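Here is a short tour of one structure, best read with the viewer open beside you. Take a look, and then follow along from site to site.

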Amino acid sequence: MIRLTDLRFAYPGGGFALNVPDLAIARGERLAFHGPSGSGKTTLLHLLAGLMPPDAGRIEIDGTDIAALPDRARRAYRAARIGFVFQNFALLDHLSARENILYPCRIGAGLRLTRAVRARAQALAEACGIADKLDRKPASLSGGEQQRVALCRALVTGPGLVLADEATGNLDPATRDLILDLLFDRVREAGATLITVTHDHAILPRFDRAVDFADLTGAAP
Ligand code: ADP
Ligand code: MG
C-alpha cells in the first residue's frame, strides 16, 4: 500500500512545481499515469523511488515514510524493494548487457550473485528476446534493446514495487505487447505493485487504473 499526502516538490531555481494532495495505491495494483510531456510524470516516479526527497509531504510505502528517511536509508530501501525502469534507461556504458542486468547485486540490494540469480537474469533476457545480446555493451544495442536490458535489471531482484517510466516508449507494437506481457506476468507472480507512466494511450486498458496527471496534481503552490 502506497499513500502520498500533501506531496510538494520544486526543482531548484523554480519553474516547475509538483503538488499531489492525496493518492492511495493498493498493493498489487497496476496503475498507469498519463499526461503530456513536461507535466511531471518522471518527477513523481523519481520521488516515489526515493531518488530525491520531496520538499514537503509524506510518501508512505508499506508503512515506511521514505520521504523522512535519511539519504543512505532511502538508497538501501530503494535497492532492496524497488525496481525502476528509467525513461533514458540509465545503463552503464562500460558494462555488458549481462553485467548491467546483474548490477543490483553489486550495490547492496540484498541480492547475492548466486547461480539462481544468474539463471533468473538469463530467463528474463530470453523472455525479452535479448539473450543473444548479453555480451554486448549498451552502445552497440538499439534503443529498444537497451530498454529491455533496463527492464530485466529492474526485475532481477524480484521487487515488490516496480516503477516504469515510459518503459515501452521505444518499442514497436509487437515488441511492446511482448514486454508488457512479461512485465505483467512477473508483477503478478511476485504480487508486486506496478506503477508506470506513459503517453501511449493504447496500453492504458491493460491497467487496473489509469490516472490523468491533470486530475492528480493540485494547483501549483
Ligand atoms: P514528464 O516526465 O511528464 O515529461 P518531467 O517530470 O520530466 O515531465 O518534467 C517536469 C518539468 O520539470 C518540466 O518542465 C521539466 O523541464 C522540469 N525538470 C525536469 N527535470 C528537471 C531538473 N533536473 N531541473 C529543473 N527542472 C527540471
Ligand atoms: Mg518523463
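## Around ligand 1

Ligand 1 is surrounded by Tyr-11, Phe-16, Pro-36, Ser-37, Gly-38, Ser-39, Gly-40, Lys-41, Thr-42 and Thr-43. Please keep in mind that this is a predicted model. By residue class, the shell around ligand 1 comprises 3 nonpolar, 6 polar and 1 charged.

Which protein atoms come within polar reach of the oxygen atoms of ligand 1? A polar side-chain atom of Thr-42 lies 2.8 Å from an oxygen atom of the ligand, and a polar side-chain atom of Lys-41 lies 2.9 Å from an oxygen atom of ligand 1. Ser-39 takes part through its backbone: an N or O atom there lies 3.2 Å from a ligand oxygen. On its own, ligand 1 would expose 560 Å², and the protein buries 57% of that.

## The magnesium ion

Thr-42 turns up again here. The magnesium ion (ligand 2) has Thr-42 (OG1) and Gln-87 (OE1) as its protein donors, at 2.0 to 2.3 Å. Thr-42 belongs to helix 1 (residues 41–48), while Gln-87 sits in the loop between strand 6 (82–85) and helix 3 (97–101), so the pair ties together parts that are 45 residues apart in sequence.

Are these two donors buried or exposed? Thr-42 is partly exposed, at a relative accessible area of 24%. Gln-87 is partly exposed as well, with a value of 38%.

## His-34 and its contacts

His-34 is part of strand 3 (residues 30–34). Its relative accessibility is 12%, so His-34 counts as buried. Beyond its neighbours within four places in sequence, His-34 is in contact with Lys-41, Thr-198, His-201, Leu-204, Ala-210, Val-211, Asp-212 and Phe-213. Lys-41 thus links this section to the ligand: it is in contact with His-34 and is among the residues around ligand 1.

## Helix 2 and helix 4

In helix 2 (residues 71–81), the buried residues are Arg-74, Tyr-77, Arg-78 and Ala-79. What do the buried residues of helix 2 pack against? Their partners are strand 4 (56–61), strand 5 (64–65) and strand 6.

Helix 4 (residues 115–128) holds Gln-122, which is partly exposed at 26% relative accessibility. Leaving out neighbours within four places in sequence, Gln-122 is in contact with Arg-98, Ala-131 and Leu-134. Between Gln-122 and Ala-73 there are 30 Å in space, C-alpha to C-alpha, and the two are 49 residues apart in sequence.

Definitions and conventions. Residues are numbered from 1 along each chain as its sequence is written. Chains are lettered from A and ligands numbered from 1 in the order in which they are written. This is a predicted model: local features need pLDDT of at least 70, side-chain atom pairs count only at pLDDT 80 or more; totals for chains, interfaces and linings use all residues. Side-chain values use heavy atoms; hydrogens and water are left out. A residue is near a molecule or strand if one of its heavy atoms lies within 4 Å of it. A polar contact is a pair of N or O atoms within 3.5 Å; within protein, one must be able to donate a hydrogen and the other to accept it, and residues adjacent in sequence count only if both atoms are side-chain atoms. Accessible areas come from the Shrake-Rupley method with a 1.4 Å probe; for residues, only the protein chains shown count as cover. Ala, Val, Leu, Ile, Met, Phe, Trp, Tyr, Cys and Pro count as nonpolar, Asp, Glu, Lys and Arg as charged, and the others, Gly among them, as polar. Helices (H or I, at least four residues) and strands (E, at least two) are DSSP runs, numbered from the N terminus. Buried means under 20% relative accessible area, exposed over 50%, partly exposed in between (1.4 Å probe, protein chains only). Contact means heavy atoms within 4.5 Å. Donors are N, O and S atoms within 2.8 Å of the metal (3.2 Å for Na, K and Ca); water is not among the atoms, so sites may look incomplete.
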